Amino acid sequence: IEFLVKTLKEPENILNKLDRIKDLLFPVDILPKEISSSTLEKNLEILAHPEGVVIVLTDGLLFEQGAYELDDAGKKLIDILTPVILRVNADANISGHTDPTPGVAMNNDDLSALRAMAVLERFLYGGIRPDRFSISGYGADRPMYPNDTEEGRRKNRRVEILLKTTPRVAGYVN
């Protein structure tokens, strides 16, 4: 876990170690039985970001379609991430995203916010302090992929966990 924590704290080097990071975050032997390694591979992305590192999980890993309560496999995945986030000791933003398809039970903005809240609640359940988190619900406003295919829409239904490991250049002064 020390290699993983060190790597996550150095986002400039993350692109060279993506496969290793995925393997360390979610070892095959502790994955929930509902999630195969190939399913994880096509539904998980690790991205470098100016503020740190982003862990992107599509809704297929965390939620039933249109739902905002974590399914059992989603709870297990968040539980696997919890000790890593505890050790990284960086602030985090959890953002929910949807595709533009109109929701049946609620609108996409509400769904994305409730999904981000569900992930936050699971991290809090795991003992991470609430003051380390912020949440955002973007609905369909920030797609990563074109929405003109089912594959693109599927990947746009996601939760992003931004670990803010890059020190701020400037801040507010009292």
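**Exercise 1. Find the side chain that makes a polar contact with the side chain of Arg158, then describe its surroundings.**

Solution. Start with the contact itself: the side chain of Arg158 pairs with that of Glu160, at 2.7 Å. Keep in mind as you go that this is a predicted model.

Next, place Glu160: this residue sits in strand β5. Is Glu160 buried or exposed? Its relative accessibility is 15%, and buried means under 20%, so Glu160 counts as buried.

Last, look around it. Leaving out residues up to four places away in sequence, Glu160 touches Val54, Ile55, Val56, Asn93, Ile94, Ser95, His97 and Met144.

**Exercise 2. Work out which residues touch the most other members of the largest nonpolar core, and which elements build that core.**

Solution. Begin with the headcount: the largest nonpolar core has 37 residues. Within it, Leu81, Val119, Phe123 and Ile161 touch the most other members.

Now go through the elements. Two or more residues each come from α2 (18-25), β1, β2, α4 (59-62), α5 (72-88), β3 (91-97), α6 (108-125) and β5 (158-164). Which of them gives the largest share? That's α5, with eight residues.

Finally, zoom in on Ile161. Setting aside residues up to four places away in sequence, its contacts are Val53, Val54, Ile55, Leu57, Leu81, Ile85, Asn93, Val119 and Phe123. Notice that Leu81, Val119 and Phe123 turn up here, and they are also on the list of residues touching the most other core members.

**Exercise 3. Locate the largest cavity and say what lines it.**

Solution. First, how many cavities of 30 Å³ or more does the structure hold? Just one. The volume of the largest cavity is about 40 Å³.

Then pick out the lining: Lys42, Asn43, Leu44, Glu45, Val56, Thr58, Tyr145 and Lys155. Sorted by class, that makes three nonpolar, two polar and three charged residues.

To finish, trace the lining back to its elements. Helix α3 (37-43) and the strands β1 (44-49) and β2 (52-58) each supply at least two of the lining residues.

**Exercise 4. Say what stands out about the phi of Asn89, and where this residue is found.**

Solution. Start from the general picture: most residues other than glycine have a negative phi. Asn89 isn't a glycine, yet its phi is positive, about 55 degrees.

Now find Asn89 in the fold: look in the loop between α5 and β3. One more step, its accessibility: exposed means over 50%, so at 51% Asn89 counts as exposed.

Conventions
Residues numbered from 1 in each chain as written. Predicted model: local features only at pLDDT ≥ 70, side-chain atom pairs only at ≥ 80, totals over all residues. Heavy atoms only, no water. 1 Å grid on protein atoms, 1.4 Å probe; cavity = no way out; pocket = protein on both sides within 12 Å on 5 of 7 lines; lining within 4 Å. Points joined across faces, edges and corners; volume = space filled by probe spheres on them. Helix = DSSP H or I, 4+ residues; strand = E, 2+ residues; numbered from the N terminus. Nonpolar A, V, L, I, M, F, W, Y, C, P; charged D, E, K, R; others polar. Core = buried A, V, L, I, M, F, W, Y, C linked by side-chain atoms within 4.5 Å. Buried < 20%, exposed > 50% of the residue type's maximum accessible area, 1.4 Å probe, protein only. Contact = heavy atoms within 4.5 Å. Polar contact = N/O pair within 3.5 Å; in protein donor to acceptor, adjacent residues only side chain to side chain.
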